[in-house]
2 protein chains.
Amino acid sequence: MPNNTINPEDWLTAVDESGFRVTTVQESLIDIFAHSEYPLSAEQAWEIARQSRPKTGRATVYRMVEKLEKLGLIRRLHGYQGCSHFVPTLPELMMLFICLSCGRADYLDSQPLNDLIQQSEHISGHHITDSRLQFFGACADCQQNA
Amino acid sequence: MPNNTINPEDWLTAVDESGFRVTTVQESLIDIFAHSEYPLSAEQAWEIARQSRPKTGRATVYRMVEKLEKLGLIRRLHGYQGCSHFVPTLPELMMLFICLSCGRADYLDSQPLNDLIQQSEHISGHHITDSRLQFFGACADCQQNA
DNA sequence: CGCTTATTGATACTTGGTATCAATAGGGTA
DNA sequence: TACCCTATTGATACCAAGTATCAATAAGCG
Ligand SMILES: [Mn+2]
Ligand SMILES: [Mn+2]
Ligand SMILES: [Zn+2]
Ligand SMILES: [Zn+2]
């Protein structure tokens with residue numbers, strides 16, 4: 001789905017370097033998230049995981065999703081169908097567009113958001129440590145094929 | 001909490017004009033949301049409601065919250081403590097800042113966001129019909145008293 | 001003041017997510 | 001490579017947020 005490169009190897013390295021053991025469940029889940037066309041919920045990831053690894057436990061998937069999110073490798077989407085879907089993190093592309101027609105996520109360059117944060121801090125006097133921006137609508141493709 | 005005026009009367013009018021009956025539960029809940037210092041979850045609103053109206057049903061509060069959200073009178077917050085808290089809607093102030101220290105929400109002028117949307121539509125080719133922006137950090141007050 | 005029906009409250013239920021704990025398997029060491 | 005220690009897993013029970021049901025209540029209209 002993401003228009004940038006995502007390398008599952010790097011994710012495993014990140015898990016390893018954070019002091020966690022690298023396990024086969026992890027490899028399978030990382031692969032699932034890194035290669036999915038669409039945002040996935042833990043429940044959906046579990047379904048997919050069991051296709052190639054039937055004994056995979058539900059709790060394990062939830063634990064893994066939590067870990068990947070904490071490591072900053074995936075990010076939660078706050079959407080119209082709820083707030084339990086995740087997409088891979090692309091650090092320089094923090095602005096997300098979600099197509100309400102096809103469901104895909106598109107990553108946008110975050111520089112304009114950084115500028116907006118600076119400006120807002122200055123105007124409001126608040127110290128902004130994190131932000132979350134999502135757009136919703138019809139993607140370029142879906143407009144064409146409408 | 002909001003730095004602008006919120007008039008519970010107007011909310012009742014909106015409910016009325018949308019063809020719904022105006023009931024005492026509604027009056028009580030609208031008052032609760034319109035006057036709260038902090039974002040409230042349905043569960044919290046229920047607790048408060050029962051103080052002055054003990055027989056208030058839980059499902060009723062959930063239904064009411066849903067209705068108020070659909071009418072655009074309150075908005076869901078997507079925060080660090082989950083995604084089940086609501087604040088009154090102030091149409092021209094769509095950018096929200098949430099203080100991670102005191103929990104209060106601050107409304108920011110949405111013009112810069114509108115500009116950003118225009119710009120993003122142009123660059124990406126997507127048609128943006130809705131957006132959601134939240135900042136997190138330490139509010140001006142909490143920085144002072146730290 | 002009744003009549004009609006939208007709304008409510010009690011209850012049961014579902015869904016998304018957690019806690020527990022014995023069994024398994026990473027991975028460091030010899 | 002074999003062994004050990006313990007992090008991680010899977011099965012299960014559990015919990016909390018939210019929803020469906022349905023009889024009882026109360027808006028609001030004539
Ligand atoms: Mn959310
Ligand atoms: Mn190994
Ligand atoms: Zn699309
Ligand atoms: Zn504060």
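## Zinc in chain A

A donor here is an N, O or S atom within 2.8 Å of the metal. In this predicted model, the donor residues of the zinc ion (ligand 3) are spaced C-x2-C-x36-C-x2-C in sequence. The pair A:C99 and A:C142 ties distant parts of the chain together: A:C99 sits in strand 4 (residues 95-99) of chain A, A:C142 in helix 6 (residues 140-144) of chain A, and 43 residues separate them.

The protein donors of ligand 3 are the SG atoms of A:C99, A:C102, A:C139 and A:C142, found 2.3 to 2.4 Å from the ion. What geometry does the site of the zinc ion (ligand 3) have, going by the angles among its 4 donor atoms? It is tetrahedral, with angles of 104 to 118°. For reference, the ideal angle for four tetrahedral donors is 109.5 degrees. As for accessibility, the cut-off for buried is under 20% relative accessible area, so A:C99 counts as buried at 2%, and so does A:C142 at 17%.

## Zinc in chain B

Chain B has a zinc site too, this one around ligand 4, with B:C99, B:C102, B:C139 and B:C142 giving their SG atoms at 2.3 to 2.4 Å. The donors follow the spacing C-x2-C-x36-C-x2-C along the chain. The site of ligand 4 is tetrahedral, its 4 donor atoms making angles of 102 to 117°. Two of these cysteines can be placed by accessibility: B:C139 is buried with a relative accessible area of 8%, and B:C142 is buried at 17%.

## A manganese ion with donors from both chains

Which residues are the protein donors of the manganese ion (ligand 1)? Chain A supplies A:H78 (ND1) and A:C83 (SG), while chain B supplies B:H78 (ND1) and B:C83 (SG), and the donors lie 2.0 to 2.4 Å from the ion. On the chain A side, A:H78 is buried at 4% relative accessibility, and A:C83 is buried too, at 17%.

## Where the chains meet

The contact draws 33 residues from chain A and 33 residues from chain B. About 2,600 Å² is buried between the two chains, with carbon and sulfur atoms giving 61% of that area. In chain A, the residues that lose the most area to chain B are A:H126, A:R132 and A:F135, together 23% of what that side buries. How many salt bridges does the rule find across the interface of chain A and chain B? The count is 0, whereas polar contacts come to 18 residue pairs, both residues at pLDDT 80 or more.

Several elements of chain A give two or more residues to the side that touches chain B, among them strand 2 (74-79), strand 5 (105-108), helix 5 (111-124) and strand 6 (127-138). Strand 6 of chain A gives the most, with 12 residues.

The chain B partner strand offers a nice close-up. B:F136 lies in strand 6 (residues 127-138) of chain B and is buried, with a relative accessible area of 1%. Leaving aside neighbours within four places in sequence, B:F136 is in contact with residues of both chains, including A:H127, A:I128, A:R132, B:H78, B:Y80 and B:F97. B:F136 and B:F97 are 39 residues apart in sequence, yet their C-alpha atoms are 5.7 Å apart.

## Chain A as a whole

Chain A has 6 helices and 6 strands, running α-α-β-α-α-β-β-β-β-α-β-α from the N terminus on. Its C-alpha atoms fill a box of roughly 50 × 45 × 25 Å along the principal axes. Of the 146 residues, 49% count as buried. Among contacts in chain A with a separation of 6 or more, 48% come from residues 24 or more positions apart.

## Salt bridges

Over all chains, the structure holds 8 salt bridges. One of them joins the side chains of A:E37 and A:R104 at 3.2 Å, N to O. These two are 67 residues apart, with A:E37 in the loop between helix 2 (24-35) and strand 1 (40-41) and A:R104 in the loop between strand 4 and strand 5 of chain A. A:E37 is partly exposed at 42% relative accessibility, as is A:R104 at 29%.

Another salt bridge in chain A pairs A:E43 with A:R58 at 3.0 Å, N to O. A:E43 belongs to helix 3 (residues 42-52) and A:R58 to helix 4 (residues 58-70), 15 residues apart. In chain B, B:E69 and B:R76 meet at 3.7 Å, N to O.

Methods:
Residues are numbered from 1 along each chain as its sequence is written. Chains are lettered from A and ligands numbered from 1 in the order in which they are written. This is a predicted model: local features need pLDDT of at least 70, side-chain atom pairs count only at pLDDT 80 or more; totals for chains, interfaces and linings use all residues. Side-chain values use heavy atoms; hydrogens and water are left out. Donors are N, O and S atoms within 2.8 Å of the metal (3.2 Å for Na, K and Ca); water is not among the atoms, so sites may look incomplete. Four donors count as tetrahedral if all angles lie between 85 and 135 degrees; four count as square planar and six as octahedral if opposite donors are over 155 degrees apart and all others between 65 and 115; anything else is irregular. Helices (H or I, at least four residues) and strands (E, at least two) are DSSP runs, numbered from the N terminus. Buried means under 20% relative accessible area, exposed over 50%, partly exposed in between (1.4 Å probe, protein chains only). Contact means heavy atoms within 4.5 Å. Buried area is the accessible area (1.4 Å probe) that two parts lose on being put together, summed over both. A salt bridge is a side-chain nitrogen of Lys or Arg within 4 Å of a carboxyl oxygen of Asp or Glu. A polar contact is a pair of N or O atoms within 3.5 Å; within protein, one must be able to donate a hydrogen and the other to accept it, and residues adjacent in sequence count only if both atoms are side-chain atoms.
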